Amino acid sequence: MSALTGTGTLVRLALRRDRLRLPIWVVVIPGLVTATASAIVELYPTMGERLALGLAIGANPALRALTGPIFDPSSAGGLTAWRVTGVAAVLTSLLSVLFVTRHTRAEEETGRAELIGAGTVGRHALPAAAVLVAGAANLAVALLSALGLATRGLPVSGALAFGLSVAGTGWVFTGVAALTAQLTETARAANAIALAVLGLAFLLRAAGDAADGDTLSWLSPLGWAQRVRAFADERWTVFALFAVAAAALSAVAHLLAGRRDVGTGLLSSRRGPATAAPRLSGPTALAWRLHRGVLLGWVIAFAVVGAVFGALALSVGDIVDDNPQLAALMAGFGGAGAVVDAFLATVMSLLGMVAAGYAVQAALRPRAEEVAARAEPVLAAAVSRWRWPAGHLVWALGGATTVLAVAGLAAGLAHGIRVGDPAGQALRITGAALAQAPAVWVMAGVAVLLFGFVPRLTSLAWAVLGAFVLLGQLGRLLGIDERIQDLSPFAHLPRVPGDEATFGPLAWLVVVAAALVLAGLAGFRRRDLTGG
C-alpha cells in the first residue's frame, strides 16, 4: 500500500466537511478585491488624483509600513494592488493555516486520524489531502479575483498576476501549517506557531517597506506578493519564490510526518510534577497555567509592533505641509485631529482588531478542553459550571486588555522619545489602546455565547470577527450602508488619540459584552458536555 493511498477519498471527505466554510472564504476574498477596485475607480477617477495619492504614499515611510508600497499610482489597477494585496494575502494565509490544521493536527488530537488510519489509508494521505484542498482553494481565490478585476476593465495580465500573488502567499502558508502540524501535539499550538510566522512575515514586510531599501521585504512572503508588481510591469519570476518555498515546506512536513507516531508531535509536551502546587488549586489558577505561554507570546508581539509603529509615527507629519490631500486622507482613516494622532489612532484600531483574535482564541479554550475530554474530570470535582469557564474568561478578557496596554505603552514610549515627552505620550497612547478593549470584550462575548449554546459552531466566532474587521477596514471605501457598519462593535469606538473620547458608546459595549458572556455561561450550565 502506498503512503498516499486513500488521498482522493480524504479530499472528498474534507470538501464534504467544509462545504460551508470553504465557499465563504473563496467567495468573500475575491468579492472584497473586486469591490475595492470599483471603489477606487470612483474615488480617484483622474490620473492627477491618483498621482497625488501615490506621491504621498511613496514619500512617507510610516504609510509604506502600514499599507505597503505603491508601484504604479497612475492607474486604478496600481492603486487597487496597493490597497488590497496585503489584506487579500493575509486572508488567504489565514484560510490555509486554519484549514490545514483543522484537517491534520486537529484530527490527530481528537483521535479521528487513528481511526481513519486503521483503514486502507496511507501514512501521508491525511496531510496530503489537506494540502491539496487548501492549495485548490487558494487557486480558486486567485482565479475569481482575476476574473473580478478583469470585469472592472483592468488589464488581464495584471489581474492574473495579482490573483496568483495572493494564491502564492496562501500556498506558502499551506506549507507552514503542514510543518507546524508535525511539531506540536495540539491544533491550538500548531495554529499559534503558524500565525506567529505570519506575524513575523508582516513585520519583515513593514520594516522593509519603511526603509529606504527593501531587503527585509524580500524575506517575507507578504513582501513577495507586493513585489510581483501587479498592474505595474509585472515580475513573473517572483513566482519561483512562492513555488520553491511552498514545495520545500511541504517536503519537510512530509519527511517529519514519517518520523513520529500518530497523535504525538516532534516537540513533546513537557510533563509537570506529579503533585500540583497550591497556587494551581482553583479553576482560575489552572486557566492561567494553560493560557500563560500563549499570552506571553502575544505580549511580546504587541510590544514589538507598538514600538515599531510608534517610532514611525512622527514621520507621517513630515509631508503634510506640502500635501494637504494626504492630511485629509489620514484624517478620514484615523480621526479628526492632527495627522500624527490620526496615524496612531489607525494603528491602535488595527491592534484592537488583532487583539480581538486573542480574546476569541482564549475564550474558546474551554471548548478545546471539552473536546479533549479534560473538562469532565475538572467538573466532577467541587467546581461549578460557572466557575470553570469563568476562570478562562478572566484571562481572555484580562489578557486581551493586557496586550493592548503593552502595545499602547510601547508605542507611546517610542513616539514620546522622538518628540521629547516619553511619559506624557506613553500615558496618552496607552489610554487610546485601552479604548479598544470594550469592542474586544464583545468579541469574547460572542465566542462565549456560541460555546454556551451551539458548541459545535464555535468557529463561527472567527467568521464574525473577520466580517467586523472587513467592515471596519473597508466599509467606508466600499460604500457599505452605515447601518450595516454599525453592526461591528469597532465602529462605535472613539478615534483616539485625535478625536475627543465619548464614554457613552464604550459603556454600551461593556453592557453588551457582559450580556453575551452571562448568556453564554447560562447556556453552558444547562447543556450536556459534548466531545465533538
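Here are some notes on the empty spaces, the packed cores and two helix details in this structure.

1. First, a reminder: this is a predicted model. Everything below is computed from that model, so read it that way.

2. Let's start with the enclosed spaces. Searching the whole structure turns up three cavities of 30 Å³ or more. The largest cavity holds about 110 Å³ of space. Its lining is made of 13 residues, and Pro69, Phe71, Ala81, Trp82 and Gln226 are the ones nearest the centre. Two elements, α5 (76-102) and α11 (221-227), each give two or more residues to that lining. If you want to look at one helix here, pick α5, which gives the most, with four residues. As for chemistry, the lining of the largest cavity has eight nonpolar, three polar and two charged residues.

3. Now for the second largest cavity, at about 70 Å³. Which residues line it? They are Leu10, Leu13, Ala14, Arg17, His103, Glu107, Ile116, Leu126, Ala129 and Ala130. Both α1 (7-17) and α8 (125-151) supply at least two residues of this lining, and α1 gives the most, with four. By class, the lining of the second largest cavity splits into seven nonpolar, one polar and two charged residues.

4. Next, an open space. The second largest pocket has a volume of about 330 Å³. It is lined by 17 residues, and if you want to find its centre, Pro127, Ala128, Val131, Leu132 and Ser250 lie nearest. Helices α8, α9 (156-183) and α12 (239-257) are the elements that give two or more residues to the lining of this pocket. There are ten nonpolar and seven polar residues in the lining of the second largest pocket, and no charged ones.

5. On to the packing. The largest nonpolar core has 62 residues, and Phe309, Phe343, Met348 and Phe490 have the most contacts inside it. Helix α15 (residues 339-363) gives the most to this core, with 14 residues. Take Met348 as a way in: leaving out residues up to four places away in sequence, Met348 touches Gly408, Ala411, Ile429, Ala432, Ala433 and Gln436. Apart from this core lies another one, of 57 residues, and Ala76, Leu126, Ala159 and Ala194 are among them. You have met Leu126 already, in the lining of the second largest cavity.

6. A quick check on helix α2 (residues 21-43). How far apart are its end C-alpha atoms? They are 33 Å apart, which agrees with the 33 Å that its 23 residues should span at 1.5 Å a residue. The buried residues of α2 are Leu22, Val26, Ile29, Pro30, Leu32, Val33, Thr34, Thr36, Ala37, Ala39 and Ile40.

7. One last residue to click on is Asn138, which sits in helix α8. Is Asn138 buried or exposed? Its relative accessible area is 0%, so Asn138 counts as buried, the cut-off being under 20%. Setting aside residues up to four places away in sequence, Asn138 touches Thr92, Leu95, Ser96, Ala167, Gly170, Trp171 and Thr174. Helix α8 has come up before, as a supplier to the lining of the second largest cavity and to that of the second largest pocket.

Methods: Residues numbered from 1 in each chain as written. Predicted model: local features only at pLDDT ≥ 70, side-chain atom pairs only at ≥ 80, totals over all residues. Heavy atoms only, no water. 1 Å grid on protein atoms, 1.4 Å probe; cavity = no way out; pocket = protein on both sides within 12 Å on 5 of 7 lines; lining within 4 Å. Points joined across faces, edges and corners; volume = space filled by probe spheres on them. Nonpolar A, V, L, I, M, F, W, Y, C, P; charged D, E, K, R; others polar. Core = buried A, V, L, I, M, F, W, Y, C linked by side-chain atoms within 4.5 Å. Buried < 20%, exposed > 50% of the residue type's maximum accessible area, 1.4 Å probe, protein only. Contact = heavy atoms within 4.5 Å. Expected span 1.5 Å × (residues − 1).
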